[in-house]
Amino acid sequence: MRCLLKCAVLILTLSLPSALWAGENGVVLRYVFSIDGFGKDRFESPTGIFIDRSKGEIYIADNGAHEVLIFDLKGYPLYRLGKKQGIKNPFDIAAHKDRIYLSEEGSADIKIFNYRGAQAGRISTNGKEKFYPGQIYISAGGNIYAVDKSKPSAVVFNAQGKFIMEISGKFGSVADVSADEGRIYLVTPYSNRVIQVYDSSGHRLMGFEALDGQGGTLALPVAAKPDKDGNIWVVDALHGIAIYDKDGRELGRFSEYGKEKGQVFFPIDIDFDGSNMVYILEKGAKRVSVFRIER
């Protein structure tokens with residue numbers, strides 16, 4: 001299954017790099033290429049992306065196609081998992097070591113697969129109330145973070161799938177969860193502060209930014225991820241990408257909104273390769289746009 005398809009017709013959109021923005025910290029974002037599908041098959045409704053930095057692979061959950069699609073970091077298709085593996089309505093995806101973790105719409109647990117596509121277990125709250133996972137994230141240490149769409153809240157498991165804790169509050173909605181060493185980040189679009197920051201024990205440290213008209217600048221924040229420097233990249237589905245430092249100060253943003261190369265159109269997720277590349281999943285354009293971070 002894990003055969004390289006570099007000879008296949010790859011739907012890659014290439015372009016001369018163009019700068020999108022230059023932040024206050026001197027960072028320039030340049031467009032490199034985009035991924036529109038797997039071989040001849042275009043994405044139908046991509047909903048989640050995860051970069052496995054240790055293996056150098058891109059994982060995409062395509063809800064419309066009922067598939068998980070895996071590429072190398074240059075966008076070449078590697079393999080795909082689908083209905084034969086029992087996948088239906090995939091929502092978000094993550095990977096760690098030799099395991100792939102998948103949330104599905106309507107499912108009350110996280111499915112685990114091995115790299116051959118065989119189911120290798122499930123993660124639940126171990127006899128507690130059922131949770132319905134949305135966005136999921138795995139830290140470098142293997143902890144598994146999942147949005148519980150039924151509460152709303154975020155649930156944390158260790159690398160063995162054992163329930164650790166739940167993070168909840170008067171949020172109204174939790175759109176995304178991610179983490180780095182020592183910090184956990186929640187996106188809560190309908191709160192006074194839309195980015196909530198916690199320590200690794202679940203104690204709230206701070207919140208920052210707000211919606212336009214409520215003292216902030218965001219319109220529809222849907223995801224947030226920390227980069228290797230600890231800066232937080234917030235995905236605004238209507239305005240583009242905004243970048244903040246650890247204290248919530250804005251460093252820069254780009255809002256080249258559209259379907260042309262180098263623009264973003266209804267972005268919903270983001271991840272990094274651990275060096276200087278950023279991968280933005282655009283639901284509106286049904287593609288992944290890849291940019292190089294330069295200084």
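Me: I'd like to learn to read strand pairing. How do β11 and β12 run relative to each other, parallel or antiparallel, and how many bridges join them?

Reply: Good place to begin, and keep in mind that this is a predicted model. Two strands are called a pair if at least two bridges are found between them. Here, β11 and β12 run antiparallel and are joined by four bridges. To see the register, look for residues that face each other across the pair: isoleucine 100 stands opposite phenylalanine 113 in β12.

Me: Which sheet do these strands belong to, and in what order do the strands lie?

Reply: Read a sheet by listing its strands from neighbour to neighbour. This open sheet has four strands in the order β10-β11-β12-β13, with antiparallel pairing. The edges are β10 (90–96) and β13, each with a single partner strand, so one side of each has no neighbour in the sheet. From one strand to the next, the twist averages 25°.

Me: Which strands make up the open sheet that contains β7 and β8?

Reply: That sheet also has four strands, ordered β6-β7-β8-β9, and its pairing is antiparallel. At its edges stand β6 (46–52) and β9 (77–81); each has a single partner strand, so one side of each is left without a neighbour in the sheet. The twist here averages 20° from one strand to the next. Within the sheet, β7 (residues 57–62) and β8 pair in the antiparallel sense over six bridges. One facing pair to find is aspartate 62, which stands opposite glutamate 67 in β8.

Me: Let's stay with glutamate 67. Does "buried" or "exposed" describe it, and what does it touch?

Reply: Find it in strand β8 (residues 67–72). A residue is called buried when its relative accessible area is under 20%. Glutamate 67 has 16% relative accessibility, so it counts as buried. Leaving out residues up to four places away in sequence, glutamate 67 touches Ile60, Ala61, Asp62, Arg80, Leu81, Gly82, Ile87 and Pro90.

Me: And glutamate 104: where is it, and is it buried or exposed?

Reply: Glutamate 104 is in strand β11. Its relative accessible area is 5%, so glutamate 104 is buried. Beyond residues up to four places away in sequence, glutamate 104 touches Gly86, Ile87, Lys88, Asn89, Pro90, Phe91, Lys111 and Pro133. You can also compare sequence separation with spatial distance: glutamate 104 and glycine 134 are 30 residues apart in sequence, with their C-alpha atoms 7.4 Å apart.

Me: Now for charged pairs. How many salt bridges are there?

Reply: The idea is to look for a side-chain nitrogen of Lys or Arg within 4 Å of a carboxyl oxygen of Asp or Glu. By this rule, there are 16 salt bridges. One of them joins arginine 122 and aspartate 109, with the closest N and O atoms 3.2 Å apart. This pair links distant parts of the chain: arginine 122 is in strand β13 (residues 119–123), and aspartate 109 is in the loop between β11 (99–104) and β12 (110–114), 13 residues apart.

Me: How accessible is each partner, arginine 122 and aspartate 109?

Reply: Check each side chain separately. Arginine 122 has 48% relative accessibility and so counts as partly exposed. Aspartate 109 has 14%, so aspartate 109 counts as buried.

Me: What about the pair aspartate 247 and arginine 249?

Reply: Their side chains meet in a salt bridge at 3.4 Å, N to O. Aspartate 247 is partly exposed at 48% relative accessibility, while arginine 249 counts as exposed at 51%.

Me: Which residue forms a salt bridge with glutamate 250?

Reply: The partner is arginine 253, and the closest N and O atoms are 2.9 Å apart. Glutamate 250 is partly exposed, with a relative accessible area of 32%. Arginine 253 counts as partly exposed too, at 27%. Salt bridges can also share partners: Arg30, Arg292 and Glu294 are joined into one network in this way.

Me: Stepping back, how many helices and strands does the whole protein have?

Reply: There are zero helices and 28 strands. The radius of gyration is 18 Å, close to the 19 Å that the globule rule gives for 295 residues, so the protein is as compact as a globular protein of that length. Of the 295 residues, 58% count as buried.

Methods. Residues are numbered from 1 along each chain as its sequence is written. This is a predicted model: local features need pLDDT of at least 70, side-chain atom pairs count only at pLDDT 80 or more; totals for chains, interfaces and linings use all residues. Side-chain values use heavy atoms; hydrogens and water are left out. Helices (H or I, at least four residues) and strands (E, at least two) are DSSP runs, numbered from the N terminus. Buried means under 20% relative accessible area, exposed over 50%, partly exposed in between (1.4 Å probe, protein chains only). Axes are lines fitted to C-alpha atoms, for helices over the stretch in contact, and angles run from 0 to 180 degrees between N-to-C directions. Contact means heavy atoms within 4.5 Å. The radius of gyration is taken over C-alpha atoms; the globule rule is 2.2 Å times the number of residues to the power 0.38.
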